[in-house]
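Colleague: I've got the coordinates open and a few things I'd like to talk through. Could you put the structure up?

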Amino acid sequence: MTQELFTINNLWIMVATILVFIMHLGFAALEAGLTRAKNTVNILFKNTIIPAIGLLTYAFIGFNLMYPGEMFAGGFFGFGGLGLSLPEGWDTSAYSEGYTFFTDFIFQAMFAATAATIVSGAVAERIKLGPFIFFSILYVGICYPIAGMWKWGGGFLDTLSTPFYDFAGSTIVHSVGGWGAVIGAYLLGPRIGKYTNGKTNAIPGHNIPLAVFGVFLLWFGWFGFNGGSVLSADPGTVSLVFVTTALAGAAGAFGALLASYLKFKAYDITMVLNGILAGLVSITAGADLMSPTEAVIIGFIGGILVVFGVILFDNIKIDDPVGAISVHLICGIWGTLAVGIFGDLASGSQIVSQLIGIVSIGALCIVFSFVLFFLLKKTTGIRVDEQEETEGLDINEHGMHAYPDFETKE
């Protein structure tokens, strides 16, 4: 590889890193918009501290858990030591043909915090901030890297006779967050007034324009999320990934539009927003393997699934204010299975491998998040009291309002 090509590849991954970083602003805007005004500061605080947690924990321990190197790696666990260090002279093509050590770290670090961000939306409006931060540190610092190592770090999922495949993380990123989200929402219980007398009561978000802004930022950043996962600036693959990513998101919008209109006889913007995200999550596992037509099919089905996912979780009284579980868990599972149904790797053996990956990573995340949330619940407590929830987390957890010049009626 020439120095020019190495520089181009490295530069593209750094640009993709910037796009993924912008996604954290998208998550913040989406979650704030779909929740009530009295909890806006709390939502924004969590989405501000999570990238900081992700960067620091990934630098301290996470990167070396996910990519331990051959010397210290096993099928299920590996560890390359604390902190960021590399042999002298390796921050060049000696580390990789396409990028430097530090470029690899910072790109992967942008992914790390996403898992906790997904949990943030599902437990919004009722979780104590301190326990949530503690959970996020351990979930991002330990659980996510171990799950990632099982495939991306050369672990047992990568050594199956038909290797498990997850291009950019439908399971390794999105489902990891989704499993933590469903366990957290279950142990917390629903918000006051969400389920009464056998009915599900809508609790509308306070700022739909902000939610729309957030989704478009996420869609924009997803080009880096998937496009950067090529790990080079290869023109053919990167352009294909851009197309499949864009089309899947668009098809997800129409899948959700159709399903929600047939079910509710209304054009629900929140369902369409989550449909876009559903399509994007669904294509993430196989964005480099699918034809444009297959991307449309996968995204469209994802958009339908997210609508019925929201209905399902309301029926079993798991309160998810922003639909994060339906988007990231259900569509993460669907997108991972789709690799065995569509695209270049489609086969029965691939479906089996995809199922093994889904189940094994799901089991890890369920056990890890349940034990952690349960211990916090029995010690410090994880839910604010009724008065604090009614008055809002902003004034009780932060001593301020997001909109001090406006009276809010809840």
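**Helix packing, core and loops**

Modeller: Sure, and keep in mind that this is a predicted model. A place to begin: Gly54, Leu55, Tyr58, Ala59 and Phe63 of α2 are in contact with Phe101, Asp104, Phe105, Ile106, Gln108, Ala109, Met110 and Ala112 of α3.

Colleague: By class, how do the residues of that contact of α2 with α3 divide?

Modeller: The α2 side includes Leu55 and Phe63, and the α3 side includes Asp104 and Gln108. Sorted by class, the contact of α2 with α3 comes to 10 nonpolar, 2 polar and 1 charged.

Colleague: And is α2 parallel, antiparallel, perpendicular or oblique to α3?

Modeller: Helix α3 covers residues 101–112, and its axis comes within 9 Å of the α2 axis. The two cross at roughly 120 degrees in a right-handed crossing. Roughly perpendicular stops at 115 degrees and roughly antiparallel needs over 145. That angle therefore makes α2, relative to α3, oblique.

Colleague: What about α1 and α2, are they roughly parallel or antiparallel?

Modeller: Helix α1 spans residues 3–33 and α2 spans residues 40–66, with axes 9 Å apart and an angle of about 160 degrees. The cut-off for this class is over 145 degrees, so α1 runs relative to α2 roughly antiparallel.

Colleague: Which handedness does the crossing of α1 and α2 have?

Modeller: The α1 residues His24, Phe27, Ala28, Glu31 and Ala32 meet Thr40, Ile43, Leu44, Asn47 and Pro51 of α2. That contact holds 6 nonpolar, 3 polar and 1 charged residues. As for the way α1 passes α2, the crossing is right-handed.

Colleague: Glu31 and Asn47 were both in that contact. Which residue in α4 is in contact with Glu31 and Asn47?

Modeller: Helix α4 covers residues 114–122. The residue has 0% relative accessibility, and counts as buried because the limit is under 20%. Outside its sequence neighbours within four places, its contacts are Glu31, Lys46, Asn47, Ile50 and Phe132, and the residue is Ser120.

Colleague: On to the core. Which helix gives the largest share of the largest nonpolar core?

Modeller: That core has 104 residues, and Tyr144 and Ile325 touch the most other members. The largest share is 10 residues, and they come from residues 170–188, helix α6.

Colleague: Which residues is Ile325 in contact with, leaving aside neighbours within four places in sequence?

Modeller: Ile325 is one of the two residues that touch the most other members of the core. Its contacts beyond the sequence neighbours within four places are Ala122, Gly178, Ala181, Val182, Ala185, Phe313, Ile318, Asp320 and Ile330.

Colleague: Take Val307 in α10. How far apart are the C-alpha atoms of Val307 and Met271?

Modeller: Val307 lies in α10, residues 292–315, and is buried with a relative accessible area of 0%. Beyond four places in sequence, Val307 contacts Ala256, Ala259, Ser260, Phe264 and Met271. Val307 and Met271 are 36 residues apart along the chain, yet their C-alpha atoms are separated by 6.6 Å.

Colleague: Is Ser353 buried or exposed?

Modeller: Ser353 sits in helix α12, residues 348–378. Not counting residues up to four places away in sequence, Ser353 touches Leu160, Thr162, Pro163 and Phe164. The relative accessible area of Ser353 is 4%, and the limit is under 20%, so Ser353 is buried.

Colleague: Now the loops. Is Lys265 buried or exposed?

Modeller: Lys265 is found in the loop between α8 and α9. The residue has a positive phi of about 55 degrees although it is not a glycine. Its relative accessible area is 59%, and the cut-off is over 50%, so Lys265 is exposed.

Colleague: And what is the phi of Leu231?

Modeller: Leu231 is in the loop between α7 and α8. At 29% relative accessibility, Leu231 counts as partly exposed. Leu231 is not a glycine, although its phi is positive, at about 65 degrees.

Colleague: Last one. How far apart are the C-alpha atoms of Asn201 and Leu240?

Modeller: Asn201 is in the loop between β2 and α7 and, at 26% relative accessibility, is partly exposed. Leaving aside neighbours within four places in sequence, its contacts are Gly193, Lys194, Tyr195 and Thr196. Asn201 and Leu240 are 39 residues apart along the chain, and their C-alpha atoms are separated by 43 Å.

Methods
Residues are numbered from 1 along each chain as its sequence is written. This is a predicted model: local features need pLDDT of at least 70, side-chain atom pairs count only at pLDDT 80 or more; totals for chains, interfaces and linings use all residues. Side-chain values use heavy atoms; hydrogens and water are left out. Axes are lines fitted to C-alpha atoms, for helices over the stretch in contact, and angles run from 0 to 180 degrees between N-to-C directions. Helices (H or I, at least four residues) and strands (E, at least two) are DSSP runs, numbered from the N terminus. Angles under 35 degrees count as roughly parallel, over 145 as roughly antiparallel, 65 to 115 as roughly perpendicular and the rest as oblique. A crossing is left-handed if the near helix is turned anticlockwise from the far one by less than a right angle, and right-handed if clockwise. Contact means heavy atoms within 4.5 Å. Ala, Val, Leu, Ile, Met, Phe, Trp, Tyr, Cys and Pro count as nonpolar, Asp, Glu, Lys and Arg as charged, and the others, Gly among them, as polar. A nonpolar core is a set of buried Ala, Val, Leu, Ile, Met, Phe, Trp, Tyr and Cys residues joined through side-chain atoms within 4.5 Å. Buried means under 20% relative accessible area, exposed over 50%, partly exposed in between (1.4 Å probe, protein chains only).
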